[in-house]
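Take a look at the model below. The walk-through starts with a surface feature, then turns to the rest.

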Amino acid sequence: MVALLVGLRFRLLRRSLAGGTRQRAALTAVAIISLLFTAPFCLVLIVLSRTDLVVARALTVLIGFALMIAWIWLPLFLTGTDDALSPSRFALLPVRASRLIPGLYVAGLLGLGSFLTILVGISSVIGWARSLPVFIAGLAGMILGVVTATLLPHVLTTAFSGALGSRRFRDITGLAMVVFAVGITVVLQLASSAISRSSGSEAVVAALDHAATVLSWTPFGAAWVLPADVAQGDVGAALGHGTVALVTLGALLLGWWAALRRALTTPLDVPDVVGRVTRDSLVDRWFSGSSTAVVAGRLLRYYRRDPRRLLSVFSMMLAPVLVGVSVAGVTAAGGHAGGISLLLVAPLLGMLLGPTLAFDISYDDSALWTHITTSVKGWEDRLGRLLGFSTVALPIVTLVLLMGVVVTGSDHLIPFAAATIAVTGAALGVGSHLGSIIQVPVPPPGSNPFGKGSGGGPLSVVVSLLTIVLALLVSAPAIVVGALSYSAVWARYAALPIALATAGATIAWGVVMGGRRLDRHWPEVLREVTYKR
Amino acid sequence: MGTTLSQAGLFRLSWRAFPSREWEKVFTRQGPDYHLADGRVFNSAVPALRVTDLVKSFGDKRAVDGLSLLVEPGSMYGLVGPNGAGKTTTLSMITGLLRPDAGNVEVLGHDVWSDPVAAKALIGVLPDGLHVFDRLSGRELIRYVALLRGLERRVAETRADELLSALGLAEDAELLVCDYSAGMTKKIGLACALVHAPRLLILDEPFEAVDPVSGDMIRQILKAFVTSGGTVLLSSHVMEVVEALCDSLAVVAHGRVQAAGTLDDVRQGDSLTDKFLDLVGARHLESESLAWLHSS
């Protein structure tokens, strides 16, 4: 069974590598980017062998913990179309969950993420090669940590696969995501304010040490602290941490087994009956003047009814919640809320709108044929999507901007409003144009919105980065003038007009050029967005 | 029957919507002969649909290999062929959803690929195997298509109502299309294809997954449509459907037309199924193969 599944995975990987220059280029780019991102962490872990024990312990735990979090979060965002090894595919075959688990696990290890995780793990083992007992503890901790990390996405996706798409599940995940993200943000804010208040490197080390001690007793930190425990000669702590790590691993395995067993017997998604919709809604009355308006109106409906799009709205709405909660948290802890990090949320959010808009056409899947046979013009499609999306997104961005300015002080209004307007407009324009050129594979309609895999992942990362870089380039003048407005009076008057002008120009460019591109290439675009079974 | 009345109302609208001079063009049978590459000659000024030497390859495979069709106005034309014959590929190229490697498609004199807006305005399409915007309710979907077709909001809403009741979907009009059964989805697709009163209906497997009651309803609607001067091109691999409904047909295999003409021309006294197997090349199961399937 293991050999069979690994062979299948190998064949799929080979086929995805052979699948066109664009796909290969995207994969290579993502591999290089993620290697460049991981390498510093590996170097830090290796160099740790020469540093102080306390620092080494703190950094190992923090990096290890971050790795686990990455394994929870990244699969949620790197959505793709490769569900060849999804459990429901095996539902018709007479196999038991316990027979599938080893094969699915090993097959899942064949991927960039697992490779990088093992790289980080090996680096930590090298870093802790201080003496034989410490080395052995490091090796054990690394194996426990890497296996736990790579198990996480299996458990999550299998547990989700049964009930995914059902309404209650979506509400619960949405809530869980909010709670989780809020927790992390509050911790980060508290940590950063603690570090910034304390002076001197000793205080920083103390803060890191404190954080590591807390995290080492959590399921995701326990494995990584083992070598440090042994090096410090603290056998009791080592036993305790080892137990936490082992129990975590066992619980994950048990959870996966139970979820897989359920997924094998209830393979089909629970039908998500939304029930009847109301006739003659506001959308009908307000969005029916032209093709553009009609497309925008449909988009508005889809942001409520399409789980995949709902997920992106959810994550947008996280931003104001995070800002609010972290301000409240920091204030409650006696700190002073505010600062640049709070103000940056609005332009960052605006920047992220670009990729989301670029991906939107892919979510239509083959239903896009309706736009082609009804002769919707390219610019109407582009502008309709942009308007529908903006109706949802722009109020959120505005809210976040105003929250930041109110908390931090009104003299930040002009520079950050300029930056937000310029970046948001540029992202929407670039997203409109890029979305007409490259269509990223996304999970098909009605499927698991967290559908993970290597299929569309690399390409979506590349398109996102491209959108963001281009948007930043276009909005750079407005950002610079905005920054100058702190000191120069002319800039105070020029910043907003410049921002509005670049935003408007980029949007016009994106709609017109993207529309022309669609008009010339509708059939090809239809083929690209159609989910390949 | 209430449904028949509303159907008639629907198609009367279409007569008025279409300028009478256009109709003269459609029904005047004069003009040059058309010589196709396979030697056939057509004489018709403006056929409802003229497909000339269509070619489409996917990689090494030639899905459509020099296919030509001529569909007279007012006919119910069947496109039959085995699985993989190239029916869907052909229909996709006719409707502007797939770019042909070579060949022409003309709808009532308008080239689909050089004059797409005029051609597409005349066609109503029901594809097979493509999604619809299924997070809209049935009514919202018809309305969406109607408004994109450029209909007035009031007209769109009236026609949506009429189509929903004509197709027996009035009760489920407010249900999301993703919760529809396969047959209901087919029917809502047909409603979307009809809503702008097209002159040419192109239907890919319109009867697949449709129960007998709904199937009969669809047949009635299509007959009324043809009687009022519309033209239907439908694909099917069920010979009985085509034999009972269509007046002309083309048998397609290996991406080419194997035989075309009126029903009687093609049948030549045989049943359509026998003739079809004859044309396509029937295969017989050898007596020894799959012997392990026989229990006992």
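This is a predicted model. Start in chain A, at helix α19, which spans residues 457–484 and contains L470(A). L470(A) is one member of a nonpolar surface patch. The other members are L466(A), V469(A), L473(A) and V474(A), and the patch covers about 400 Å². How accessible is L470(A), in relative terms? The value is 33%, so L470(A) counts as partly exposed. Patch residues need over 30% relative accessible area, and L470(A) therefore passes that cut-off.

Now go to helix α18 of chain A, residues 413–437, where T420(A) lies. Is T420(A) buried or exposed? Its relative accessibility is 4%, so it counts as buried, because the limit for burial is under 20%. Which residues does T420(A) touch, leaving aside those up to four places away in sequence? They are A346(A), P347(A), V397(A) and L401(A).

Next, the cysteines. How many disulfides does the structure hold over all chains? The count is zero. Take C178(B) as a case. The closest cysteine sulfur to its own belongs to C192(B), and the separation is 14 Å. That is too far for a bond, because a disulfide needs the two sulfur atoms within 2.5 Å. C178(B) has 28% relative accessibility, so it is partly exposed. C42(A), in the other chain, is buried, with a relative accessible area of 8%.

Turn to chain B as a whole. It has 296 residues, and buried residues make up 54% of them. Its secondary structure comes to 11 helices and 12 strands. About 13,000 Å² of chain B is exposed, and carbon and sulfur atoms supply 52% of that area. What share of its contacts joins residues at least 24 apart in sequence, among those between residues at least 6 apart? The share is 65%.

One sheet in chain B deserves a closer look. Four strands form it, in the order β4-β3-β6-β7. The sheet is open, and the pairing is antiparallel. Its edge strands are β4 (61–71) and β7, each of which pairs on one side only. Strand β3 of chain B covers residues 49–58. How many bridges join it to β4(B)? There are eight, and the two strands run antiparallel. One of the residue pairs can be picked out by eye: L49(B) has V71(B) in β4(B) as its bridge partner.

The same sheet leads to a backbone detail. Between β6 (102–107) and β7 (110–111) of chain B there is a loop, and L108(B) is found in it. Its phi is positive, about 45°, although L108(B) is not a glycine. Why pick out such a value? Because most residues other than glycine have a negative phi. L108(B) is also buried, since its relative accessibility is 11%.

A second leucine of chain B can be set beside it. L290(B) is found in the segment after α11 (272–280). Its phi is near 60°, again a positive value in a residue other than glycine. Is L290(B) buried or partly exposed? At 41% relative accessibility, L290(B) counts as partly exposed. So the two leucines with positive phi fall into separate classes: L108(B) is buried, whereas L290(B) is partly exposed.

Terms used
Residues are numbered from 1 along each chain as its sequence is written. Chains are lettered from A and ligands numbered from 1 in the order in which they are written. This is a predicted model: local features need pLDDT of at least 70, side-chain atom pairs count only at pLDDT 80 or more; totals for chains, interfaces and linings use all residues. Side-chain values use heavy atoms; hydrogens and water are left out. Buried means under 20% relative accessible area, exposed over 50%, partly exposed in between (1.4 Å probe, protein chains only). Patches are made of residues with over 30% relative accessible area and no salt bridge: like charges are joined within 9 Å, nonpolar side chains (Val, Leu, Ile, Met, Phe, Trp, Tyr) within 5 Å. Accessible areas come from the Shrake-Rupley method with a 1.4 Å probe; for residues, only the protein chains shown count as cover. A salt bridge is a side-chain nitrogen of Lys or Arg within 4 Å of a carboxyl oxygen of Asp or Glu. Contact means heavy atoms within 4.5 Å. Two strands pair if DSSP finds at least two bridges between them.
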